[in-house]
Amino acid sequence: AHAVITDIYRVVRSACKGDTANKALLAEHTALFSAHLEADVGSYEVLLMVYSNSLDLLDSMDRTVFLEQIECIRRTCNPASINLIIETCKSNDQASIKNQDRWVKVILEDAPDIILEAEIRGDDLVLQRKGSFSSGTSPEVSVKSLMCGGEEVLLSYEEEELDLMPQDVRLFFYYMSCLKLFEHLLYGRNEYAHRILRTRKNQFGISYEQLEALIRMDTMPFILRARCCRLVCSLYIDRDPLETISLPKTKLWGPTAASLTPSAEAQERVTQQQSTIALFQELKPLALEIVKNMERIRLHEVSRERFAVGAIHLVSHLVSFGFYHDFSTIPPTFMVSQFKDMA
């Protein structure tokens with residue numbers, strides 16, 4: 001039966017390819033496809049195909065699809081379910097704000113318990129599931145212990161079927177998918193997602209201090225450190241407004257001009273800018289040091305390459321928002337030479 005259903009889904013997937021009308025028809029049955037995710041029969045690929053390159057279809061998703069995904073996650077702790085949610089957050093580099101907001105509500109506000117607890121203990125990161133998950137998943141996972149066989153061994157599980165993944169490895173990749181989900185919920189500077197994630201940063205283990213600590217921690221997998229680099233960019237750097245806003249120039253006469261004081265909101269924004277700049281003082285040299293150390297990457301070192309790309313992404317954002325405005329701290333020749341060596 002499994003083989004037959006898999007073949008049927010293969011046919012359905014072919015019918016979706018390049019056919020918008022078929023995608024629209026199949027979009028009415030996404031709840032059924034979602035129910036088959038646990039069986040690993042190809043419904044995941046069909047769902048991705050239905051919603052790919054179509055913002056209209058993404059925005060028209062029925063609420064039952066969202067609720068079904070939450071129940072599926074609770075039953076299986078399946079990274080594929082999170083990855084499917086990620087695919088519904090944008091299309092062709094355009095954010096689906098409607099879906100982002102719905103996921104923020106359904107997951108971050110109504111079901112935060114499906115996000116793993118992540119606690120740094122010494123040079124290790126310990127992942128803990130909450131009681132809402134099925135009893136089949138490990139209650140606690142040491143990420144450092146997963147590195148005993150080397151990162152390449154860990155990476156080899158990335159494309160494995162769910163049933164073939166050890167429980168602790170599954171939990172790790174589920175955690176990785178959650179971090180990626182946060183990044184996609186923030187895509188396009190979604191203020192609702194930003195507000196909730198910043199409010200619950202300690203609960204979700206994504207405070208700036210924890211993310212920076214993980215980036216520094218050489219006992220952690222490169223793929224995790226790379227993901228933390230990207231989340232720092234989305235959650236703490238690429239925020240609006242970071243630039244100075246010039247007020248219209250006008251002339252004032254009399255005692256009014258002397259009595260003018262900045263509004264509380266303006267003062268708060270200045271304070272926020274100053275604290276943000278101070279926050280990244282240690283991050284700037286760290287990002288450059290990572291890039292420098294990655295200048296000799298071998299072709300087969302996939303995980304190191306991901307970390308290098310994450311670090312370059314981090315440097316790029318810091319430069320774009322003016323945090324390297326003092327050129328004495330980042331000589332242009334240094335950056336050019338390091339990126340040339342990596343190329």
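Among contacts in the protein chain between residues at least 6 apart in sequence, what percentage join residues at least 24 apart?

**Overview. The whole chain of this predicted model.** Among the contacts between residues at least 6 apart in sequence, 71% join residues at least 24 apart. The secondary structure of the chain comes to 19 helices and five strands, and of its 343 residues 45% count as buried. A search of the whole structure finds 13 salt bridges, and several of the views below are centred on pairs of this kind. Side chains of opposite charge can pair when their charged atoms come close.

**View 1. Helix H8 packs against helix H11.** Two packed helices are described by the angle between their axes and the distance between the axes. Helix H8 covers residues 97-109 and helix H11 covers residues 167-185, and here the two pack at an angle of about 140 degrees with their axes 10 Å apart. H8 and H11 are therefore oblique to each other. On the H8 side the contact is made by Gln100, Trp103, Val104, Ile107 and Leu108, while H11 contributes Leu181, Phe182, His184 and Leu185. Sorted by class, the residues of this contact comprise seven that are nonpolar, two that are polar and none that is charged.

**View 2. A salt bridge joins Glu183 of helix H11 to Arg230 of helix H14.** The closest N and O atoms of Glu183 and Arg230 are 3.4 Å apart. The pair links distant parts of the chain, since Glu183 belongs to helix H11 and Arg230 to helix H14, which covers residues 222-237, and the two residues are 47 residues apart. Are the two partners buried or partly exposed? Glu183 counts as buried, at 13% relative accessibility, whereas Arg230 is partly exposed, with a relative accessible area of 25%.

**View 3. Arg189 and Asp238 form a salt bridge between two loops.** The closest N and O atoms of Asp238 and Arg189 are 2.8 Å apart. Asp238 is in the loop between H14 and helix H15 (255-259), and Arg189 is in the loop between H11 and helix H12 (191-199), so that the pair links distant parts of the chain, 49 residues apart. Both residues are partly exposed, Asp238 with a relative accessible area of 21% and Arg189 with one of 29%. The backbone of Arg189 also deserves attention in this view, as its phi is near 60 degrees, a positive value in a residue other than glycine. Most residues other than glycine have a negative phi, and most peptide bonds are trans.

**View 4. Arg121, Gln128 and Glu140 come together around a salt bridge and a polar contact.** The side chains of Arg121 and Glu140 meet in a salt bridge, with an N to O distance of 3.4 Å. Arg121 lies in strand E3 (residues 117-121) and Glu140 in strand E5 (residues 140-142), so the pair ties together parts of the chain that are 19 residues apart in sequence. Arg121 is partly exposed, with a relative accessible area of 34%, and Glu140 is likewise partly exposed, with a relative accessible area of 41%. Gln128, found in strand E4 (residues 124-128), brings its side chain into a polar contact of 3.0 Å with the side chain of Glu140. Not counting residues up to four places away in sequence, Gln128 touches Leu116, Glu117, Glu119, Arg121, Pro139 and Glu140. Of these neighbours, Leu116 is twelve residues from Gln128 in sequence, yet the two C-alpha atoms are 5.8 Å apart in space.

**View 5. Gln210 is a buried residue of helix H13.** Helix H13 covers residues 208-216, and Gln210 lies within this helix. Because buried means under 20% relative accessible area, Gln210 counts as buried at 14%. A polar atom of the Gln210 side chain lies 3.3 Å from the backbone oxygen of Gly205. Leaving aside its neighbours within four places in sequence, Gln210 is in contact with Ala118, Glu119, Ile120, Leu125 and Gly205.

**View 6. Three charged side chains form a network.** Glu71, Arg74 and Asp113 are linked in a network of salt bridges.

How values were computed:
Residues are numbered from 1 along each chain as its sequence is written. This is a predicted model: local features need pLDDT of at least 70, side-chain atom pairs count only at pLDDT 80 or more; totals for chains, interfaces and linings use all residues. Side-chain values use heavy atoms; hydrogens and water are left out. Axes are lines fitted to C-alpha atoms, for helices over the stretch in contact, and angles run from 0 to 180 degrees between N-to-C directions. Helices (H or I, at least four residues) and strands (E, at least two) are DSSP runs, numbered from the N terminus. Angles under 35 degrees count as roughly parallel, over 145 as roughly antiparallel, 65 to 115 as roughly perpendicular and the rest as oblique. Contact means heavy atoms within 4.5 Å. Ala, Val, Leu, Ile, Met, Phe, Trp, Tyr, Cys and Pro count as nonpolar, Asp, Glu, Lys and Arg as charged, and the others, Gly among them, as polar. Buried means under 20% relative accessible area, exposed over 50%, partly exposed in between (1.4 Å probe, protein chains only). A polar contact is a pair of N or O atoms within 3.5 Å; within protein, one must be able to donate a hydrogen and the other to accept it, and residues adjacent in sequence count only if both atoms are side-chain atoms. A salt bridge is a side-chain nitrogen of Lys or Arg within 4 Å of a carboxyl oxygen of Asp or Glu.
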